[in-house]
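Biologist: I am new to this structure and would like a close look at a single part, the contact between the two chains. Please take me through that part and then place it in the chains around it.

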Amino acid sequence: MSGNLLHRQPILRRPDGVGGALPALTLITLFFVVPVVALLLRSVTEPVPGLQNYAILFGDGTYARVFFNTFLVATVVTAVTVIVAFPVAWMLAIMPPALGSIVFGIIILSMWTNLLTRTYAWMVLLQRTGVINRTLMDIGLISEPLPLINNLTGVTIGMVYIMLPFMILPLVGTLRAIDPMTLRAAALCGASPFNAFRRILLPLSLPGIAAGGLMVFVMSLGYFVTPTLLGGTSNMMLAAMIAQMIQSLLNWGLGSAAAFILLLVTMALYALQLRLVGAKRMTGGI
Amino acid sequence: MLLDYDRLGWLRAALLGFTGLVAAFLLLPVVFIVLLSFGSSRWLAFPPPGWTLKWYAELFADPAWLEAALTSARIATMVAILAVVIGLLASFALVRGQFRGRNTLRGLLLTPMVLPVVVFAIAIYAFFLRIGLGGTTAGFVIAHTVLALPFAIIPITAALEGFDKSIEDAAIVCGASPFEAKLRVTLPAIKIGIFSAAIFAFLASWDEVVVAIFMASPTLQTLPVKIWGSLRQDLSPVIAAASSLLVLLTLSLMIVTALIRRKLSK
């Protein structure tokens with residue numbers, strides 16, 4: 001009857017109240033909710049009240065191209081990241097720990113290294129006269145430098161590099177949670193490795209792939225730094241366009257309308273992701 | 001046998017090879033930047049024609065770099081302390097509180113992590129311009145604390161969920177006040193979560209670029225703003241030297257984290 005002592009004193013079971021959350025709630029309300037709502041209001045009040053900012057954004061071919069670029073890059077980055085991350089996560093899930101910890105160390109080092117540092121490295125690596133072009137020319141694969149930077153190719157390479165850890169790490173968790181017995185059973189029943197992969201391993205890891213993929217897609221949509229530095233001015237993406245509208249053009253109405261569209265798409269996809277995996281599992285991934 | 005490392009056969013060689021390639025891809029920019037910082041070519045030729053320390057000399061000769069690094073360190077330290085304290089208080093309510101809208105509150109407090117930073121950046125920029133906090137240290141700290149708070153709340157709530165509350169109750173039964181029980185029983189038990197929260201919150205501020213670009217003034221620049229400004233001018237090797245020092249810092253942080261985690265979990 002070890003629990004009896006506590007049961008007789010229900011006062012001890014009194015839960016902590018909402019009080020502790022008040023400082024956090026105040027901070028977020030005052031310095032997050034209020035500024036963001038105020039910004040979004042500007043999109044329908046400046047320069048004059050109405051929806052003209054949205055009409056401009058949806059009516060102009062230049063902006064349509066930015067939206068198209070953004071979704072194209074986010075889609076390609078997500079697809080490539082998933083395809084590259086899956087085999088790595090698969091190996092990491094079953095590798096001997098000694099070997100695995102080296103790979104994990106490299107992933108963490110890459111992830112924790114300053115974002116600008118990594119992007120700077122890619123700016124140098126991908127130049128016309130950079131190491132990658134020089135090497136490819138030296139071994140005779142190409143005769144003149146490939147255009148790897150100031151276009152969407154550069155943005156994609158840089159973004160895949162940044163997103164890979166965010167895909168690999170949660171996927172390892174998903175794959176580790178799969179019981180190896182299911183695959184042994186498949187092999188015993190005569191399934192070829194290909195069939196076992198297609199009918200068991202892949203379907204069982206699909207929730208992890210979907211959750212990670214959505215996260216990468218959402219992050220890519222709103223990314224600012226890498227597209228700005230690797231994409232050049234003629235291949236602008238949404239986040240860079242928003243920043244430019246505010247910072248250089250001082251067009252708050254149009255900029256906040258574009259910000260609202262980005263916010264809406266992001267939040268819709270986030271809600272979808274929460275339904276797919278549940279809030280707890282997703283936020284526990286860190 | 002796809003999940004048996006020892007029975008994968010030829011597939012294992014293929015997957016290991018691929019994993020090796022990806023690891024090399026992830027390591028490439030980091031190693032490259034360090035090598036480049038010692039190369040003597042101003043135009044970043046690689047392999048470098050010779051080796052030199054002059055970019056480091058140039059870096060240390062310019063007080064603006066050191067000042068930016070100190071500004072970053074100062075802001076990130078304040079952010080880490082604030083985010084951990086506010087996050088710790090909030091975590092108790094989120095994990096143990098029984099009130100309506102608890103999950104909504106959790107979602108709200110974690111939203112800054114999901115919202116595209118650029119949206120928050122221009123929103124807080126406009127707001128601070130209006131209330132006179134633009135370009136101030138206080139403004140930086142507040143904005144970064146908002147962004148860092150989710151990174152503090154997640155590890156602390158995770159640690160708190162794994163802690164058996166009846167141990168804290170036992171301390172109270174034995175005569176401790178509720179506050180004392182929390183301070184001397186619960187906090188030591190979740191110290192790894194708190195430590196992770198501090199590291200993540202520090203990094204969230206230290207590495208933050210987008211809000212910082214909008215918030216910075218000519219007299220108040222964080223390190224990412226300084227790097228961003230230099231990058232937009234040219235690809236000077238001095239940036240490679242600064243970057244290498246940041247890589248060194250990351251490595252030391254990883255090692256210290258691993259050591260402290262090992263020590264704390266004993």
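Modeller: In this predicted model, helix α2 of chain A, residues 22-45, and helix α5 of chain B, residues 117-131, have axes that come within 8 Å and cross at roughly 90 degrees. An angle from 65 to 115 degrees counts as roughly perpendicular, and α2(A) and α5(B) are therefore roughly perpendicular to each other. On the chain A side of this crossing are A:Phe31, A:Pro35, A:Val36, A:Ala38 and A:Leu39. They meet B:Val119, B:Phe120, B:Ile122, B:Ala123, B:Ile124, B:Ala126 and B:Phe127 in α5(B). Sorted by class, the contact of α2(A) with α5(B) has twelve nonpolar residues, no polar residues and no charged residues.

A second pair of helices joins the chains. Helix α6 of chain A, residues 115-125, packs with α1(B) at an angle of about 75 degrees, the axes being 9 Å apart. That makes α6(A) roughly perpendicular to α1(B). From α6(A), the residues A:Thr117, A:Arg118, A:Tyr120, A:Ala121, A:Trp122, A:Val124 and A:Leu125 meet B:Pro29, B:Phe32, B:Ile33 and B:Leu36 in α1(B). By class, the contact of α6(A) with α1(B) has nine nonpolar residues, one polar residue and one charged residue.

These two crossings belong to the contact between the chains, to which chain B gives 80 residues and chain A gives 77 residues. On the side of chain B that touches chain A, the elements giving two or more residues are α1 (10-37), α3 (63-96), α4 (102-114), α5, α6 (137-161), α7 (165-173), α11 (223-233) and α12 (237-264). The largest share of that side, 14 residues, comes from α1(B). The residues on the side of chain B that touches chain A divide into 65 nonpolar, ten polar and five charged.

The UniProt record can be set beside the helices. For chain A, an unreviewed entry lists "transmembrane region" at residues 20-41, 62-90, 102-125, 146-169, 209-230 and 250-272. In the model, residues 20-41 of chain A are 91% helix and 0% strand, with end C-alpha atoms 31 Å apart. Residues 102-125 of chain A are 92% helix and 0% strand, and their end C-alpha atoms lie 24 Å apart. The UniProt annotation "domain: ABC transmembrane type-1", also from an unreviewed entry, covers residues 67-273 of chain A. Over residues 67-273 of chain A, the model has 80% helix and 0% strand, and the end C-alpha atoms are 22 Å apart.

For chain B, UniProt lists "transmembrane region" in an unreviewed entry at residues 12-38, 75-95, 107-128, 140-160, 192-215 and 235-260. Residues 107-128 of chain B are 91% helix and 0% strand, with 25 Å between the end C-alpha atoms. Residues 75-95 of chain B are 100% helix and 0% strand, and the end C-alpha atoms there are 29 Å apart.

One residue of chain B can serve as an example inside a helix. B:Ala159 has its place in helix α6 of chain B. With 21 C-beta neighbours inside 10 Å, B:Ala159 counts as buried, since the cut-off is 20 or more. Not counting residues up to four places away in sequence, B:Ala159 touches B:Ile190, B:Ile192 and B:Gly193. B:Ala159 and B:Leu187 are 28 residues apart in sequence, and their C-alpha atoms are 10.0 Å apart in space.

Last come the whole chains. Chain A has 14 helices and zero strands. The radius of gyration of chain A is 24 Å, well over the 19 Å that the globule rule gives for 286 residues, so chain A is more spread out than a compact globule. Along the principal axes, the C-alpha atoms of chain A fill a box of roughly 70 × 65 × 35 Å. Of its 286 residues, 43% count as buried. Among contacts in chain A between residues at least 6 apart in sequence, 76% join residues at least 24 apart.

Chain B has twelve helices and zero strands. Its radius of gyration is 23 Å, well over the 18 Å that the globule rule gives for 266 residues, so chain B is more spread out than a compact globule. The C-alpha trace of chain B spans about 75 × 65 × 30 Å along its principal axes. Buried residues make up 46% of the 266 residues in chain B. Among contacts in chain B between residues at least 6 apart in sequence, 75% join residues at least 24 apart.

Key
Residues are numbered from 1 along each chain as its sequence is written. Chains are lettered from A and ligands numbered from 1 in the order in which they are written. This is a predicted model: local features need pLDDT of at least 70, side-chain atom pairs count only at pLDDT 80 or more; totals for chains, interfaces and linings use all residues. Helices (H or I, at least four residues) and strands (E, at least two) are DSSP runs, numbered from the N terminus. The radius of gyration is taken over C-alpha atoms; the globule rule is 2.2 Å times the number of residues to the power 0.38. A residue is buried if 20 or more other C-beta atoms lie within 10 Å of its own, exposed if 12 or fewer, and partly exposed in between; C-beta atoms are placed from the backbone. Two residues are in contact if their C-beta atoms, placed from the backbone, lie within 7 Å. UniProt positions are given in the numbering used here, feature names are shortened, and annotations may be inferred rather than shown by experiment. Axes are lines fitted to C-alpha atoms, for helices over the stretch in contact, and angles run from 0 to 180 degrees between N-to-C directions. Angles under 35 degrees count as roughly parallel, over 145 as roughly antiparallel, 65 to 115 as roughly perpendicular and the rest as oblique. Ala, Val, Leu, Ile, Met, Phe, Trp, Tyr, Cys and Pro count as nonpolar, Asp, Glu, Lys and Arg as charged, and the others, Gly among them, as polar.
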